[in-house]
Amino acid sequence: MADDSPHLVVFTGAGISAESGIQTFRAADGLWAEHPIEEVATPQAWRRDPARVLQFYNRRREQVRRARPNAAHRALAALERQGFRVSIITQNIDDLHERAGSRRVLHLHGEILKARSTVDARMQYPLPRGGIELGDICDKGSQLRPDVVWFGEGVPHFPEACGIVGEADLLLVVGTSLAVMPAASLLEHTPLDAPSVLVDPEADILAPPGVTRIRQPAAKGVPALVRHWQREGRLWVPETLLG
Ligand code: APR
């Protein structure tokens with residue numbers, strides 16, 4: 001990776017994995033409609049009914065293991081292989097960017113394929129198979145939980161993510177409703193001269209002022225952008241892709 005090559009920062013949400021078969025959260029038939037947040041994704045839910053929370057994430061984990069990276073994940077990895085500086089900041093807890101071959105991936109909301117201790121967040125354990133059950137404990141003897149960030153918890157990688165966005169030549173945002181803070185506020189950390197682009201079927205409604213909209217699904221819109229960048233060796237947004 002050449003350090004003087006253009007720096008593409010990519011900020012992804014559930015929409016980039018939708019075409020891989022992983023449900024998004026806020027669609028009418030999304031995960032939060034079926035499983036209310038306060039019952040499965042808060043510290044209070046964990047205290048009240050840990051078995052239910054574990055079961056929810058055990059099912060999500062199986063869905064992630066069955067899924068495969070799609071054309072959007074693969075295009076971003078190919079761009080990095082070609083020599084572009086590509087930093088990915090994802091809200092997703094799946095590993096589809098890594099499986100596509102991307103090497104610089106920061107998971108803002110954690111990783112479902114890891115368990116962690118409930119008494120020491122630094123004690124993490126990979127979960128190559130199976131789930132987490134009540135009674136599974138860390139080396140200090142405490143119950144394991146999914147290594148994900150729940151509503152009401154801090155986002156430990158947020159300052160690092162702000163630093164990465166602050167060094168972008170272009171910010172590509174893909175498949176996120178920008179509904180969750182502090183993640184959505186990352187867009188405000190883009191340098192003044194760096195353009196931002198949102199690829200999302202709902203881009204017209206979601207894009208904040210000043211953000212270019214590409215109203216397409218990720219597996220179409222992202223590879224189309226990447227093909228232009230690969231051909232031209234620079235980061236720009238061709239007018240033919242807008243709308
Ligand atoms: N391609 C691109 N975008 C898509 C596609 C697709 N094929 N299908 C749906 N989308 C878009 C939707 O239009 C929506 O804007 O993906 C977005 C999904 O939004 P959310 O379900 O709100 O997911 P996300 O923005 O990632 O949620 C942020 O909230 O629930 C928490 O921690 C969870 O990380 C998650 C965070």
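The protein chain divides into two domains, with bounds from an automatic or database domain assignment. Domain 1 covers 1-22 + 69-109 + 154-243, and domain 2 covers 24-66 + 112-148. The model is predicted: local features need pLDDT of at least 70, side-chain atom pairs count only at pLDDT 80 or more, and totals for chains, interfaces and linings use all residues. Residues are numbered from 1 along each chain as its sequence is written, and side-chain values use heavy atoms, with hydrogens and water left out.

Start with how the domains meet. Their centres, taken over C-alpha atoms, are 26 Å apart. Contact (heavy atoms within 4.5 Å) links 13 residues of domain 1 with 11 residues of domain 2. The two domains bury about 890 Å² between them, 64% of it on carbon and sulfur atoms. Buried area here is the accessible area (1.4 Å probe) that two parts lose on being put together, summed over both. On the domain 1 side, A14, I22 and I93 lose the most area to domain 2. Together they account for 49% of what that side buries.

What about polar links across this interface? The rule finds 0 salt bridges there (a side-chain nitrogen of Lys or Arg within 4 Å of a carboxyl oxygen of Asp or Glu). It does find 2 residue pairs in polar contact, both at pLDDT 80 or more. A polar contact is a pair of N or O atoms within 3.5 Å; within protein, one must be able to donate a hydrogen and the other to accept it, and residues adjacent in sequence count only if both atoms are side-chain atoms.

Now turn to the ligand. It is surrounded by 22 residues (a heavy atom within 4 Å), and the closest are F25, W32, T176, S177 and D200. Backbone N or O atoms also approach the ligand. For Q91, such an atom lies 3.1 Å from a ligand oxygen. For G175, the distance to a ligand oxygen is 3.4 Å. For A218, a ligand nitrogen lies 2.8 Å away.
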